[in-house]
Amino acid sequence: MTERLYYTSDATEGRAQILRCEPDAEGRYAVELDRTLFHPQGGGQPADSGLIAGVAVESVMTRGDNVVHLLSQPLLPGEVSIEVDAATRLLHSRLHSAGHMIGQAGEQLGWQPVKAHHWPGEGRIAFVARETSALPEASALQAKIDGWVSENLPRRLSIEKGLRQVGFGEQSAYPCGGTHVASLSALGDVVITQLKLKKGQMVVSYTLA
């Protein structure tokens, strides 16, 4: 099982042991580490990019309990440097945290978040109504989010029943394996670009200014 350092650390540089390196069907090499700072694609968040032993990481994915890093060339077992692209990580973290805040705002207005996509240029959260919730105005969601950002609510991490929980300030926490900003001032301006009803779900699209 790969130790996922990004669960508890915001570091983007460190060292790890290469446990195995095997070719895959596409001509790349799958590298498994004893521990990693790289977030794999999943949970609505894209994979991190960066370097392992100076070699570019082309993709990161999960295989069972392990995180697999795909590289264009093989690496020998042993200790290596690992470096996550800090700018890309910050963008992904901002988008993911913004999505959580939109989820919170929607819940407070009577809607339950059921699906999230936190990719750059594609941010959206889907909700289902609780009982007979009226479709809110986008401005009502925007006002709640702007208020929390101005309060600079701090991130809160915990483990409950074996699941990592992520919340901000006194807001409810969500089960989440993604990366997040340390406090909401790092989000900058979160902009709701569209709110629509589609197949019985409220879909809120968003971006970062």
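In this short talk I will go through one helix, the sheet it lies on, the salt bridges, and a few buried residues.

A word on the source before I start: this is a predicted model, in which local features need pLDDT of at least 70, side-chain atom pairs count only at pLDDT 80 or more, and totals for chains, interfaces and linings use all residues. Residues are numbered from 1 along each chain as its sequence is written, and side-chain values use heavy atoms, with hydrogens and water left out.

Let me begin with helix H1, which covers residues 86–108; helices (H or I, at least four residues) and strands (E, at least two) are DSSP runs, numbered from the N terminus. The expected span of a helix is 1.5 Å times one less than its number of residues, so the 23 residues of H1 should span 33 Å, and the end C-alpha atoms are indeed 33 Å apart. At the N-terminal end, Asp-85 acts as a cap, with a side-chain oxygen 3.2 Å from the backbone nitrogen of Ala-87. That falls under polar contacts, meaning a pair of N or O atoms within 3.5 Å, where within protein one must be able to donate a hydrogen and the other to accept it, and where residues adjacent in sequence count only if both atoms are side-chain atoms. After H1 comes Gly-110, whose phi is positive, near 95°.

How many of the 23 residues of H1 are buried? The number is 17, so H1 is largely enclosed by the rest of the structure; here buried means under 20% relative accessible area, exposed over 50%, and partly exposed in between, with a 1.4 Å probe and protein chains only.

Now to the sheet, which is open and has four strands in the order E9-E10-E15-E14, with antiparallel pairing; two strands pair if DSSP finds at least two bridges between them. Its edge strands are E9 (111–117) and E14 (190–198), each of which pairs on one side only, and the twist averages 25° from one strand to the next. E9 and E10 run antiparallel and are joined by six bridges, and His-117 stands opposite Arg-124 in E10. H1 lies across E9, E10, E14 and E15 (201–208), running at about 145° to E15. Helix H2 also packs on the sheet, touching E14 and E15, and its direction makes about 145° with that of E14. For these angles, axes are lines fitted to C-alpha atoms, for helices over the stretch in contact, and the angles run from 0 to 180 degrees between N-to-C directions; contact means heavy atoms within 4.5 Å.

Within strand E10, Phe-127 is buried, at 0% relative accessibility. Its contacts, leaving aside neighbours within four places in sequence, include Ile-102, Gly-103, Trp-111 and Met-202. The C-alpha atoms of Phe-127 and Gln-201 are separated by 5.5 Å, although these residues are 74 residues apart along the chain.

Next, the charged side chains. Side chains of opposite charge can pair when their charged atoms come close. A search of the whole structure finds eight salt bridges, each being a side-chain nitrogen of Lys or Arg within 4 Å of a carboxyl oxygen of Asp or Glu. One of them joins Asp-10 and Arg-155, at 3.0 Å from N to O. Asp-10 lies in the loop between strands E1 and E2 and Arg-155 in strand E11, so the pair ties together parts that are 145 residues apart in sequence. Both are partly exposed, Asp-10 at 45% and Arg-155 at 22%.

Arg-15 forms a salt bridge with Glu-79, the closest N and O atoms being 2.9 Å apart. Since Arg-15 lies in strand E2 and Glu-79 in strand E8, this pair ties together parts that are 64 residues apart in sequence. H1 takes part as well, through Glu-107, whose side chain meets that of Arg-130 at 2.7 Å, N to O. Asp-24, Glu-26, Arg-28 and Glu-58, for their part, are linked in a network of salt bridges.

I will finish with a buried polar pair. Thr-36, in strand E4, and His-69, in strand E7, are buried, with 0% relative accessibility for Thr-36 and 0% for His-69. Which side chain does that of His-69 make a polar contact with? Its partner is the side chain of Thr-36, at 2.8 Å. Among the other residues in contact with His-69 are Tyr-29, Phe-38 and Ile-52, while those in contact with Thr-36 include Leu-5, Tyr-6 and Ile-82.
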